[in-house]
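Student: I'd like to go through this one by question and answer. Can we start once the model is up on the screen?

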Amino acid sequence: MKLWSQFFIPTLKESPADAEIASHKLLVRAGLVRKLGGGLYTYMPLGLRALQKITQICREEIDGAGGIELWMPHVHPAELWEQGPRWAAAREIMFRADSAGDGKRAGRDPEFVLGPTHEEIITPLVKAEITSYRDLPKNFYQIATKFRNEIRPRFGLMRAREFIMMDSYSFDANDEGAIKSYHAIKAAYEKFFKRVGATAIAVEADTGVMGGSFSHEFMIPAEIGDDDVIYNEESGYAANREKATSGIVPKDLADAAPAGALEEFATPGVLTIAALEAAPYSVPGDKQFKTLVFIGDGKPFIVIIRGNDELEEAKLGSLGFTVTRAATAEEIEPVLGAKPGSLGAVKGTIKNAGALAGVFADHAIRLIGNGTTGANKDGFHVRNVNVARDLAITSFGDFRRVRPGEPDPKSGQPLKVRRGIEVGHIFKLGTKYSEKFGAVYTDDQKQSHLMVMGCYGIGISRTMQALIEQSHDADGIVWPWSVAPFQVLICLLDPKVEEAAGVAKKIATAAEAAGADVLIDDRDERPGVKFKDADLIGIPLRIVIGSKGLKDGVVELKWRTSKEVTKLPLAEAEAKIAEAVRTAAAKS
């Protein structure tokens, strides 16, 4: 048990000026963290206790899924990242950690970087240590500090420059084994989030810069979330916005027959979808082809979507090459022959089609059948454009942003959208990293094969704040039992009364024996101050001991989640409170 007077819980009455969301305000007001600088926080004693409990639960579940804990350096040689597959994409978010003096890279790329994740470190390590199929599968993990150069750190621990993460890396002999490892960790994640008291949803996610064949994010629903979750409860479908699909295009859709000959017409000053929708042209957005040009692997390419749709740029990663950015007007005109606003992909209208890496169309343009697009001539468009007959399409894909109300791809029921906080992400990487670093093993026939990898991350510090965002009220934090820094708070209203102090110690001892961490508020403060602080720091079970109650032979029990106060006979208090502790622990 701890005495409040000898511990350190610096609560505040007012919220910090730079705190924009409830959980950030409560982190500071409840004395859990203190800000050092943008995106940098000290974990105060109360916050550290909650963080350590979250960490231990995570460790237990990853161990249970076959994980083996190790510890890797935070400072990484940049040459390892350069050898890996994502240096160009990741270097912008990395802190450099150059050595002093004139190193071999003086004035050039950094010699060292601070690690945001450890794929580039663990893969060479495993390559050097594991050579035989007999040593596979293996799953190594650590729970450690990570660093990312956030341009605009905000929301407290949600978007920090230094944070605590569990990162795990699986190595298997084949794809079948890798999928098995992936699902074992996915199940461990589900157990972890349940145990810490989080309502987390596993959603299909884009692999992004990490690469790999598929991934899932774990999202805690919250209005201040940084991602949209597209979902349907009935079917169980859930995906983040970057990955979500819908059943808007029927699987049995037949291509529309041509509705007439191509017809070019003048559209002076018309540069947008909305302008073409207006009179005198009156072409609905869902009857227009929107032509977008991007640069990928140094070459321009075209993406076609419906005029009333928005492009989900993350989905361009499915094309198989690195998409750098949208093309500029100066890059577009020499290839297509016109400026943005008059662009199209009708066969024969592209000035230099050979310069393109391809023309890629969203499946939903087939719903147009016959529509209108730019003529690749400034101030002109073409009508009666038939998808099958007229467009020079390299391949179709899913590139549009899904909207709420569209049919769920599983059940056909309307899709919904809500915000969520990403607290975990898992990836089936395949051989992307093992190929780059030559991580191979020898099978029983003495043949060499690339190891098949997966990687998995849980934001430990982010989870702590997400729990507060998900579980708080107007008075303060409402901690889940399993991760509360203390589970039982004993408020001594008259700490100088010897009888009261003796009762508090007996109840604390009984609660601890039942498995609870106990804090005794022995401060010489008014009851109102103690009650406000109790609600603010959010300890689940509060016991109040006062002189008046002792005269009546009772102590008061109150759960943080309830307004109801229960009076316990003094003779039964220890047993009743121990029973309450065991019941709460069993439910958590």
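Tutor: Sure, and one definition first: helices (H or I, at least four residues) and strands (E, at least two) are DSSP runs, numbered from the N terminus. Bear in mind too that this is a predicted model.

Student: Then let's use that numbering: where is lysine 446 found?

Tutor: Look at the strands around it. β22 covers 440-442 and β23 covers 448-450. Lysine 446 therefore belongs to neither run by the DSSP assignment. Its place is the loop between β22 and β23.

Student: Is lysine 446 buried or exposed?

Tutor: Exposed means over 50% relative accessible area. Its backbone has a phi near 65°, a positive value in a residue other than glycine. With a relative accessible area of 68%, lysine 446 is exposed.

Student: What is phi of asparagine 376, and where does that residue sit?

Tutor: Asparagine 376 is in the loop between β18 and β19, and those strands form a hairpin with five residues between them. Unlike lysine 446, which is exposed, asparagine 376 is buried, with a relative accessible area of 7%. Most residues other than glycine have a negative phi. For asparagine 376, phi is positive, near 55°.

Student: Which residue in β19 is the bridge partner of glycine 371?

Tutor: Start with the pairing: β18 (residues 370-374) and β19 (residues 380-386) run antiparallel, joined by four bridges. β18 is mostly covered, as five of its five residues are buried. Within this pairing, the partner of glycine 371 is valine 385.

Student: On to the open sheet: which strands are at its edges?

Tutor: Five strands make up this sheet, with mixed pairing, in the order β16-β14-β15-β17-β20. An edge strand here pairs on one side only. That gives β16 (323-326) and β20 (395-397).

Student: And what does the twist average from one strand to the next?

Tutor: Keep the order β16-β14-β15-β17-β20 in mind and step along it. From one strand to the next, the twist averages 35°.

Student: Which helix packs on that sheet?

Tutor: Begin with β14 (residues 289-296) and β15 (residues 299-306), which pair in the antiparallel sense over eight bridges. In that pair, isoleucine 295 stands opposite proline 300. The helix touches β14, β15 and β16, and its direction makes about 110° with that of β14. It is α8 (residues 329-336).

Student: Now for helix against helix: how are α1 and α11 oriented to each other?

Tutor: The axes of α1 (residues 22-29) and α11 (residues 460-470) come within 8 Å and cross at roughly 110°. Angles of 65 to 115 degrees count as roughly perpendicular. So α1 is roughly perpendicular to α11.

Student: What kinds of residues make that contact of α1 with α11?

Tutor: From α1 come Ala22, Ser23, His24, Leu26 and Leu27, and they meet Met464, Gln465, Ile468 and Glu469 in α11. Sorted by type, the residues of the contact are five nonpolar, three polar and one charged.

Student: How many salt bridges does a search of the whole structure find, and how far apart in sequence are glutamate 61 and arginine 195?

Tutor: The search finds 37 salt bridges. In one of them, the side chains of glutamate 61 and arginine 195 meet at 2.9 Å, N to O. Glutamate 61 lies in α2 (residues 45-64) and arginine 195 in α6 (residues 175-195), so the pair ties together parts that are separated in sequence by 134 residues.

Student: Lysine 146 and aspartate 167 also form a salt bridge; how close are the N and O atoms?

Tutor: Lysine 146 is buried at a relative accessible area of 0%, and aspartate 167 counts as buried at 2%. Their closest N and O atoms are 2.8 Å apart.

Student: Last one: what is omega for the peptide bond that joins leucine 136 and proline 137?

Tutor: Proline 137 is in the loop between α5 (119-129) and β7. Most peptide bonds are trans. The bond joining leucine 136 and proline 137 is cis, with omega about 5°.

Conventions. Residues numbered from 1 in each chain as written. Predicted model: local features only at pLDDT ≥ 70, side-chain atom pairs only at ≥ 80, totals over all residues. Heavy atoms only, no water. Axes fitted to C-alpha atoms, helices over the stretch in contact; angles between N-to-C directions. Parallel < 35°, antiparallel > 145°, perpendicular 65-115°, else oblique. Contact = heavy atoms within 4.5 Å. Nonpolar A, V, L, I, M, F, W, Y, C, P; charged D, E, K, R; others polar. Salt bridge = Lys/Arg side-chain N within 4 Å of Asp/Glu carboxyl O. Buried < 20%, exposed > 50% of the residue type's maximum accessible area, 1.4 Å probe, protein only. Pairing = 2+ DSSP bridges.
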